[in-house]
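Hi there,

Here is the structure I promised to pass on. Please have a look at it first, and then read my notes underneath.

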Amino acid sequence: MIVAKVLFSLLTLVCVFNASANPIVISQNFKSQNIINLNYSFEPTSILEARNSNLKNWHSLKNSSLNLGLEQRPVWLTFTIKNTLNSEVEPLLSIDNPLLNKVQVFHLHNSELLSQTQIGDAFVLSQRLIKSESLLVKLTLPANTTTTVIIKVTDSAGLRVPLTLWQQDSYLAYKGKLNLIYGLLIGFVFSLAFSCLVLYGFSRKLYFACAGMITLTLGLLLSYLCGFGLRFFHPNLTGIQQLMSSMLLMLITLLFLPLQQLICQPKRSTLLKVQTIITSLFAISLLCVWLLPNLIVTLFSLVTIPIILCFYIITTLICTRSDPSKQNKGLLLTLIFFLIVMAYFIATAMGWYSLGQNSLVIVFICFFSCIFCLCYTVMEKFILQRDQQIVTQQTLIAKNTAQDTLLNERLALQEKARRELEALVDERTFELQVTLRELEEKNRELEQLNTEDALTGIKNRRFFDKKLIMELRRSRREQTPLSIIMLDIDRFKTINDTYGHLTGDQVIRAVSDIIKNNLKRPLDEVARYGGEEFVVLLPNTPNEGALDIAEQIRETIAQSTVIVAGTDIKFTISAGVYTSVADDLNTPEIFTEHADKALYYAKQHGRNQVINFPIPQ
């Protein structure tokens, strides 16, 4: 057992020695260092195998960051760090690819596990020990020791693992400046996008909308490439940053088609038809391609986007040759810069180019060149259209001026004829106004005659019928009681037979005057219902109020006297009252029928009295 332990220790020391052939040295002036000398292998299946395996069987990487292209197998990396200081230090290990799915970092010292950290796009932001869009791991290095770092990287869309070791203050200063620069640049991109969309809102030019959507999508793409997607857009939604990057690239490519149609307006050709068919199939594929694994989505985007961009560039170049305008040239440059970015992505994805700290600088430069060319293109298109509109307007103004000169003479003749005609029209209009005024006066007189009783001056039966329907509607709408009083002069036939019809007319007039004097509200109406019969309409009046008014009228008439040829004539009236809230507008005669029944009962039972409906039994 002792021999075995000694051999195991020696093996471990050999492994450590081999791993630390080119260690990263932590000295007093240490700020940062790119880890470009390391070993990697696909064979280990666990940290125990990786720790105990012979590094001679591992691949060696020198003077370059690790980029294995589209490799999907988990890869193990190892390197050593030598702390020459007499104190414990805590540097930061930065994995400069925020799109990696899963990274496991094991920190060992003399085969003893010092720390273990899991990080990556597959974990929500809250699970990270350091809440940052970057993949950061804090290492604790004991004083005057050499430690080993073993990293396992798993990613479904390729293995690109640039590593940097930082002193904490240096990293914070560097990251603060970098995030400030990237934030300002991305914010500027978004401001350009919203400016284009605002211009579309004012001008209704579709190319502004297309440029705004392309610029907005480019801003989102840059945010995801910097790792800001997980931090700001969906901190609790993991594993989609790589997918979003590919989908946004494909969406930008698709948006270039309507922009090209609006800017260049290419003529129909076989090449343009092929481009339209391929782009249509590409658009249909976007609806379902996101359901596939990340590797297939990445490969699909890297293959199809350059092909479609080549079609765009060729058709735009043809349009530029036939019409070498600034907007056509600007669009051509935009497409070329975008193709350059795609070529860079392809070289990086295939492992032909190694990533580093400043790899995004190339992407930012090309994308900003693309955005500036795009904005220049749409502004030139707008200015050209505006100039064409101005020329068209000036031509129309000149043409209209010539036409105006010809029309002035006609207008002068027409003005003279118009004045003469106006004089005749004014004369006839005055005569017509006089006639209409006289006709209105006659109509008012006729209307008054149609609604007033000639004998008494109060309203007639025709007016009452209309007024009853109006008050029924108000009663039902406001749910207020409507009261009707039917009155009839007692033994009026005897008065006519004894004193004559002229005396009877005076009695009728006296009764109408007494009734009017007992009505105090403007809405209360009295009408002659027929012969010696009268009706009183009392809106919004309860039954008790209607009975009081009827009783007052009866008493006043009983106490009054009509003097005819020195003879005093006494007479009385009978009245029937009905009160209800209107319910059915189709049967307004119910009110008059009930009041008339009450009146009939008063006549049959002694006269000179007021009876309320329902009739007492």
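Below are my notes on two helices, a sheet and some aromatic rings.

First, the ground rules: this is a predicted model, in which local features need pLDDT of at least 70 and side-chain atom pairs count only at pLDDT 80 or more, while totals for chains, interfaces and linings use all residues. Residues are numbered from 1 along each chain as its sequence is written, and side-chain values use heavy atoms, with hydrogens and water left out.

Helices and strands are DSSP runs (H or I, at least four residues; E, at least two), numbered from the N terminus. Let me start with H4, residues 206-225: its 20 residues should span 28 Å, and the end C-alpha atoms are 29 Å apart, which agrees. The expected span is 1.5 Å times one less than the number of residues. Of those 20 residues, 17 are buried, so H4 is largely enclosed by the rest of the structure. Here buried means under 20% relative accessible area, exposed over 50% and partly exposed in between (1.4 Å probe, protein chains only).

H14 has a clear sidedness. Its buried residues are Asn-543, Ala-546, Ile-549, Ala-550, Ile-553, Arg-554 and Ile-557. They cover an arc of only 135° around the axis, which puts them on the same side of H14; the arc is that of the directions from the helix axis to the C-beta atoms. On the other side, Glu-544 and Gln-559 are exposed.

Next, the sheet. Four strands form an open sheet in the order S2-S13-S7-S10, with antiparallel pairing; two strands pair if DSSP finds at least two bridges between them. S2 and S10 stand at the edges with a single partner strand each, so one side of each is left without a neighbour in the sheet. S7 and S10 are joined by four bridges, and Ser-94 has Leu-136 as its bridge partner in S10.

Finally, the rings of Phe, Tyr and Trp (its six-membered ring) pair if their centres lie within 6.5 Å, with planes under 30 degrees apart counted as stacked, over 60 as edge-to-face and the rest as tilted. That rule gives 19 aromatic pairs. One of them, Phe-188 with Phe-368, is stacked, at 6.3 Å centre to centre and 5° between the planes. This pair links helix H3 to helix H10, 180 residues apart. Phe-188 is partly exposed at 36% relative accessibility, whereas Phe-368 is buried at 10%. Both belong to one aromatic cluster that also includes Tyr-182, Phe-364 and Phe-372.

Best wishes
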